[in-house]
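Student: I'd like a close look at one part of this model. Please pick out a single residue and then place it in the wider fold.

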Amino acid sequence: MASATDARYGQKETSDQNFDYMFKILIIGNSSVGKTSFLFRYADDSFTPAFVSTVGIDFKVKTIYRNDKRIKLQIWDTAGQERYRTITTAYYRGAMGFILMYDITNEESFNAVQDWSTQIKTYSWDNAQVLLVGNKCDMEDERVVSSERGRQLADHLGFEFFEASAKDNINVKQTFERLVDVICEKMSESLDTADPAVTGAKQGPQLTDQQTPPHQDCAC
């Protein structure tokens, strides 16, 4: 069960001090938008075209270096089906970042973004950072959601926007790195206010400014 896994993982992390910060990140969105493929592409640089629905929740760990800090990412892949919603929303607590994903070839998944955004606001802490990602931009011939509509929705919700492709490895790494940078920026700001909600780091963040090159939307 995921809860048992979570407990064991927490114990493991307590003994593993080989990192400066640990960020909990969730990938959410409707079923079949490509959340699992997106995670596997980033964590393992692998891709399989076979669709296997995620049951409940799963996670992978990846360590990266940003701002001269070693950051361990605990990335949770959530099930999109309604029947798992109670399970997955329980994991929103403590998440510092969300990748909210839709499928550019699926209008329904795009229309559901607003509801997912509401869930983030309901179940996560106020300063959780969110990126909106339109996945499967390699399938341009089947596109039903334009880049402009995605960008407009992201602006309306106050999120940054990427289009990406797990299959062709477009903007996958850039999405995760940008989310980490935004979290770091907010952590730095929190130093001034001593925000107790900032969790996931072993100690108060001492981060340096870093210029992030602008991402490019998918031009498949």
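Student: Does glutamine 129 count as buried or exposed?

Tutor: Glutamine 129 counts as buried, because its relative accessibility is 13% and the cut-off for buried is under 20%. Keep in mind that this is a predicted model.

Start with the position. Glutamine 129 lies in strand 5, which covers residues 129-135. Now the surroundings. Leaving out residues up to four places away in sequence, glutamine 129 touches Met96, Gly97 and Phe98. On the later side of the sequence, glutamine 129 also touches Leu179, Val182, Ile183 and Lys186.

Step back to the chain. The protein chain has 220 residues, and 48% of them count as buried. Seven helices and six strands make up its secondary structure elements. Along the sequence their order is α-β-α-β-β-α-β-α-α-β-α-β-α. Take the contacts in the chain with a separation of 6 or more: residues 24 or more positions apart account for 75% of them.

Phenylalanine 19 is another buried residue, because its relative accessible area is 6%. Phenylalanine 19 sits in the loop between helix 1 (2-15) and strand 1 (21-29). Its C-alpha atom is 6.4 Å from that of lysine 72, although the two residues are 53 apart along the chain.

Next, a helix pair. Helix 5 (residues 113-123) packs with helix 6 (residues 147-157) at an angle of about 25°, and their axes are 12 Å apart. That angle makes helix 5 roughly parallel to helix 6. The crossing of helix 5 past helix 6 is right-handed. Helix 5 contributes Val113, Gln114 and Ser117 to the contact. Helix 6 contributes Leu153, His156 and Leu157. By type, the residues of this contact are three nonpolar and three polar, with no charged residue.

Last, confidence. The mean pLDDT of the protein chain is 79, with 70% of its residues at 70 or more. Two stretches call for a separate word. In residues 1-15 the pLDDT is below 50, and this stretch has 14 contacts in the model beyond near neighbours in sequence. In residues 195-216 the pLDDT is also below 50. Beyond near neighbours in sequence, residues 195-216 have 43 contacts in the model.

Back to the starting point: glutamine 129 is a buried residue of strand 5, and its contacts include Phe98 and Ile183.

Definitions and conventions: Residues are numbered from 1 along each chain as its sequence is written. This is a predicted model: local features need pLDDT of at least 70, side-chain atom pairs count only at pLDDT 80 or more; totals for chains, interfaces and linings use all residues. Side-chain values use heavy atoms; hydrogens and water are left out. Axes are lines fitted to C-alpha atoms, for helices over the stretch in contact, and angles run from 0 to 180 degrees between N-to-C directions. Helices (H or I, at least four residues) and strands (E, at least two) are DSSP runs, numbered from the N terminus. Angles under 35 degrees count as roughly parallel, over 145 as roughly antiparallel, 65 to 115 as roughly perpendicular and the rest as oblique. A crossing is left-handed if the near helix is turned anticlockwise from the far one by less than a right angle, and right-handed if clockwise. Contact means heavy atoms within 4.5 Å. Ala, Val, Leu, Ile, Met, Phe, Trp, Tyr, Cys and Pro count as nonpolar, Asp, Glu, Lys and Arg as charged, and the others, Gly among them, as polar. pLDDT is the predictor's confidence in each residue, from 0 to 100. Buried means under 20% relative accessible area, exposed over 50%, partly exposed in between (1.4 Å probe, protein chains only).
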